[in-house]
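Let's take a relaxed walk through a protein model, one topic at a time. Have the sequence and the 3D view open as you read.

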Amino acid sequence: MKIKFNINSKIEELEIRPDATLLNVLRDNGFTEVKCGCSEGECGACIVLIDDKTVNSCQVLAMSAASKKIKTVKGIGTLHNPHLLQKIFASTGADQCGFCSPGMVLSAYSLLKENPNPTEKEIAEALDGNLCRCTGYVKIIEAVRRTAQIMNENLISRE
Amino acid sequence: MFKYVKKAVEKIDGLALVTGNEKYTDDFSFDKMLYVSVLHSGYAHAQIEELDDSAARKIPGVVEILSYNNVNTILYTTAGQGFPEPSPYDTILFGKTMRFVGDNVCAVAAETKEIADIALKKIKIKYKRLKPLLNFEQSDNSKIIIHKNDGAFPKIPVYYDASKNIAAMVEAEAGDFEKAFGESKNKIEKNFYVSYASHCALEPHAAVSYIDNRGRLVIISTTQVPFHVRRIVSHVAEIPISKIRVIKPRIGGGFGGKQEVLLEPIAALVTWRTKRPAKLVYSRKEVFNSTRTRHQYKTVFKVGFQDNGIITALHLDALENSGAYGSHALTVLSNAGSKTLPLLNKIENLKFTGKGVYTNLPCGGAYRGYGATEAYFGYGQIIDMVCEATNNNIVEYYKKWSIKSGETSPIFKALGEGKEGVAMTITSSSLEECLETGSKEFHWNEKKKLYDSNFNKGKRIKRGVGMAALMQGSAIPEIDMASAYIKMNDDGSFNLNIGATDLGTGSDTILAQIAAEVLDVPVEKFIVTSSDTDFTPFDTGAYASSTTYLTGQAVKKCAENIKEQILKVGAEILGVIQNEVEIENEQVITKPGFADFRKISFAEICNYSFYQNNQFQIQATASHVSPKSPPPFAAHFVEIEVDTFTGIIKVINYVAAVDCGTPINPILAEGQAEGAIVNGISYALVENYYFSEYGKLLNDTFGKYGVYTASDIPPIKVILIDSYEETGPFGAKSISEININGPLPAIANAFFNATGKRLFKSPFTPEDVLKVLKG
Ligand code: FES
Ligand code: FES
């Protein structure tokens, strides 16, 4: 059946099966920036924002997100117009293989919107659902901390 | 001083990665693509008596089924190593004997993944169950023979005896261990056990294949070794090498787990037979069960020493659980000796014996650390025990007795990779400074003194500190080869093509930095293409801590050749002789002191060589083989808390001082160390494979397995302390593997410091810790 989705602020009409997960629907329709590390809700690689909340897209049916605002990592910034978080992730070495990065960036984005001045502990807790096997998290936490600092110093919008 | 090297240059793919722009294998899809699912054995040991796929073939949408019924029986090794491989040829893509839970039974290709999965269930298989061999300590005198009359053989002339379940055997000796040990006044003899582990690269293994416009097979794959994939697929799928192209796009981590050729031959066969694109992506469960693991090990250390702590005799006997197939069995084993025993090179009588045995359990393979991690658990504790017994300060002990620049160890020559090793003198080491700086930063002396006092007495939560010194290697000497190609473009940019495989490590960036340094051109001026067997020159691949050191040197040689060509053309244009000019800031300029200053830009030079006089393409290629494998060194320090009520060990502070030669990119080098340390800590504390009594892996999900998250990590400080390795590019050595070796021995030593008890078996789970505390 055909369903209308709001993905990265654009309305997309997509053909879906009623039992399809949001992850599969997104990936099958070219939103391959949403990654699949486990399909079991345990790695956070598939995180998207649904109405500004982080959700493991492998764990929800696409149908349930139909009337809501979905955002992938490209929805917050692109290669030619990156979000500050993305810039700092890249310059801090918070991305090695980058497979966790889309989910990681979105978890960090959502944290900074709610809590512009998180402690290291709060950052770690907010990223607790995102596995990364490459970095050991040290530079990821550092990137989030630095982004928060720059945003606060320069009063940059968190959008 | 360097301009582009030793700089924290941002990864050239960095922004594309964090904006989700880069493509990984599973992100590629093609029209009319088939989806492949593999059926894996549910039995640890069984014989298939009949495989009837007729019902499955009738399901609409099923296009091809591969099994022993229609795929030739060809022995090979899944280990993506150089040819001839040091791993035995004991594997068949689809055989009749199932040797572990997860072994390949057959594969279905269908119009959708759902249809393929349904079809798998309709395949009727008659198994004859066989008794499994699940205890590796009983393997070599078991009645159960895992590779019985199946023709398995070693590809190189090494000891191999399938009739005794022996997949690999290694022996080396320097001096006379037995005599020296017999005469020793003080002796320690201990057994150590380390567990299975999964690499847990976040991206699961995947392969996508298609036929190109001229009928050739293209394989996109999550591989660390594209050239070995091409060769091995050619062998197993019986397709000429010239008809195969292998591409590694971005890859979501490897750590050795993708140095294995597992999915590619299956996708290749489907595509080759059906002439349709095919995609095979493993689920996380399949990755845990069916791909490769860190080998389980038992190591036995015997050490004889004098009252002052001088060790006169040391024997390491290693028993490796190779699992069902002997992938990397021999080389991981030899590395258990060759990456540990040279560290304290003044021990006069050294012996290494090792055996890799088959079992009906998941297969070992390459895993960051590669035998060294397994052996350092015991090695690092044995040295601590000797120091404790003889009242030596362990940091000073390592300073005094560790191998130094200008020194050698007989082990380098005695232990190679499937053949004799290569004699080597150390030409770079800052290990002494690592020990000095690391211990200061950590406040080792103060903390050790405090916890040695009765600080912990009567406390529930006990604190302790431990440390270990480490080494690894950089590439496999006189075996691994890397090459590079550079050409110049008319705007003064360059194409840098390398076969090397960036796994997220940042090697594409590091290699560009090396070329940039030689040519005095910003890194952005390099268009880097890597890991495509059609368009990049040969490289053995990303393993054995080789890329920066080995491919880096090939890139350096190649760039130096380009530099000569640019200077020649520049001099010709400027009307001077070549030794009157030099390169600076993307220009050729006359040297200081030359009467009238002249200059010409790289862009003009390239245009001249394209269109004006003596026309030619400025281009070069270079290859590199290393005569040695210079070790990086490290000193790790850890502070822990042990809750004696719950058995929980908490790491509260970690300092690692690391000598990787010149860090070409310090941020990326630190990242390698941090990632390895966290993996090492979780391996020490939680990671393990738990099996049912039938050999089925029970904890095959991220959650049950226990990969660390951001909130599990302690404060970690990595300090890079340069040395200069003359055989490496701009002084560089490796860093990717060494730091995973530290947590096991350092935490175990800290546990002793806190509790007075030793941990001989990892991981250090609360249950086991409580047992040790009570025992
Ligand atoms: S793929 Fe959804 S949590 Fe791992
Ligand atoms: S960068 Fe590889 S998993 Fe995080």
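Below is a short briefing on the two chains, then on one helix, one loop residue and the cavities.

This is a predicted model, so local features need pLDDT of at least 70, side-chain atom pairs count only at pLDDT 80 or more, and totals for chains, interfaces and linings use all residues. Residues are numbered from 1 along each chain as its sequence is written, chains are lettered from A and ligands numbered from 1 in the order in which they are written, and side-chain values use heavy atoms, with hydrogens and water left out.

**Chain A**

- Chain A has five helices and five strands, where helices (H or I, at least four residues) and strands (E, at least two) are DSSP runs numbered from the N terminus.
- Read from the N terminus, the elements of chain A go β-β-α-β-β-β-α-α-α-α.
- A compact globule of 159 residues would have a radius of gyration near 15 Å, and chain A agrees because it has 15 Å; that radius is taken over C-alpha atoms, and the globule rule is 2.2 Å times the number of residues to the power 0.38.
- The C-alpha trace of chain A spans about 50 × 30 × 25 Å along its principal axes.
- In chain A, 58% of the 159 residues count as buried, meaning under 20% relative accessible area (exposed is over 50%, partly exposed is in between; 1.4 Å probe, protein chains only).
- Take the contacts (heavy atoms within 4.5 Å) in chain A with a separation of 6 or more: 57% of them come from residues 24 or more positions apart.

**Chain B**

- Chain B comes to 20 helices and 26 strands.
- For 775 residues, a compact globule would have a radius of gyration near 28 Å; chain B has 27 Å, which agrees.
- Along the principal axes, the C-alpha atoms of chain B fill a box of roughly 85 × 75 × 50 Å.
- Buried residues account for 66% of the 775 residues in chain B.
- If you look at contacts in chain B between residues at least 6 apart in sequence, 80% join residues at least 24 apart.

**Helix 6 of chain B**

- Helix 6 covers residues 264-274 of chain B, and nine of its 11 residues are buried.
- Among those buried residues are B:Glu264, B:Ile266, B:Leu269 and B:Thr274.
- Right after helix 6 comes B:Lys275, whose phi is positive, near 60°.

**A loop residue: B:Thr540**

- You'll find B:Thr540 in the loop between strand 19 (526-530) and helix 15 (547-574) of chain B.
- B:Thr540 counts as buried because its relative accessibility is 4%.
- B:Thr540 and B:Ala500 are 40 residues apart along the chain, yet their C-alpha atoms are separated by 7.4 Å.
- Setting aside neighbours within four places in sequence, B:Thr540 is in contact with B:Val225, B:His228, B:Asp480 and B:Met481.

**Cavities**

- A cavity is a set of points, on a 1 Å grid over the protein atoms alone, where a 1.4 Å probe fits but cannot get out.
- The count comes to seven cavities of 30 Å³ or more, and the largest has a volume of about 140 Å³; grid points are joined across faces, edges and corners, and a volume is the space filled by probe spheres set on the points.
- The largest cavity is lined by 14 residues, each with an atom within 4 Å of a point.
- Nearest the centre of the largest cavity lie B:Thr91, B:Asp103, B:Asn104, B:Leu262 and B:Arg292.

Technical notes
1 Å grid on protein atoms, 1.4 Å probe; cavity = no way out; pocket = protein on both sides within 12 Å on 5 of 7 lines; lining within 4 Å.
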